[in-house]
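Hi there,

Here is the structure I promised to pass on, with some notes on what turned up in it. Please have a look with your viewer open while you read.

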Amino acid sequence: MCSSRSSCPSSDSAAQHVVAAHPEQGWSLLCDGTVVFDDTGELTPDGRAVAPHRPPVEQPAVAA
């Protein structure tokens with residue numbers, strides 16, 4: 001990555017902004033170098049993979 005990045009909030013902040021979006025491929029690059037995927041998984045700048053963290057889907061009640 002280039003060293004002349006604009007200021008970016010700390011990695012634990014929710015205020016990070018997208019610097020490159022590729023919705024057709026299902027991912028976006030945040031200002032801190034994190035790659036965020038549409039399935040809510042992530043690749044961090046230090047190489048860690050964060051598994052998708054979607055909330056459980058509630059199943060509709062079935063009338064008997």
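**The sheet**

Five strands make up an open sheet, ordered S1-S2-S3-S4-S5, and their pairing is antiparallel. Strand S1 (18–22) and S5 are at the edges with a single partner strand each, so one side of each has no neighbour in the sheet. Please keep in mind that this is a predicted model.

**The protein as a whole**

There are 0 helices and 5 strands in the protein, and the pattern along the sequence reads β-β-β-β-β. The protein has 64 residues, of which 19% count as buried. Its accessible surface is about 5,000 Å², and carbon and sulfur atoms account for 57% of that. As for contacts between residues at least 6 apart in sequence, 8% of them join residues at least 24 apart.

**From S3 to S4**

Which residue of S4 does Val36 stand opposite? The partner is Glu42. Strand S3 covers residues 35–37 and S4 covers 42–43. These two strands run antiparallel and are joined by 2 bridges.

**Two loop residues to look at**

Let me start with Gly26, which sits in the loop between S1 and strand S2 (27–30). Is Gly26 buried or exposed? Its relative accessible area is 12%, and the cut-off for buried is under 20%, so Gly26 counts as buried. Leaving aside residues up to four places away in sequence, Gly26 touches Val36, Phe37 and Asp38. Val36 is thus named twice in these notes: Gly26 touches Val36, and Val36 stands opposite Glu42 in S4. If you would like a distance to check in your viewer, try Gly26 to Thr40: the two are 14 residues apart in sequence, and their C-alpha atoms are 10.0 Å apart in space.

The other residue is Thr44, in the loop between strand S4 (42–43) and strand S5 (49–50). Thr44 is buried too, because its relative accessible area is 13%, and under 20% is what buried means here. What does Thr44 touch, not counting residues up to four places away in sequence? The contacts are Thr34 and Val50. Val50 belongs to S5 (49–50), one of the two edge strands.

I hope this helps you find your way around the model. Do write back if anything is unclear.

Best wishes

Terms used. Residues numbered from 1 in each chain as written. Predicted model: local features only at pLDDT ≥ 70, side-chain atom pairs only at ≥ 80, totals over all residues. Heavy atoms only, no water. Helix = DSSP H or I, 4+ residues; strand = E, 2+ residues; numbered from the N terminus. Buried < 20%, exposed > 50% of the residue type's maximum accessible area, 1.4 Å probe, protein only. Contact = heavy atoms within 4.5 Å. Pairing = 2+ DSSP bridges. Areas by Shrake-Rupley, 256 points an atom, 1.4 Å probe, with all protein chains shown as cover.
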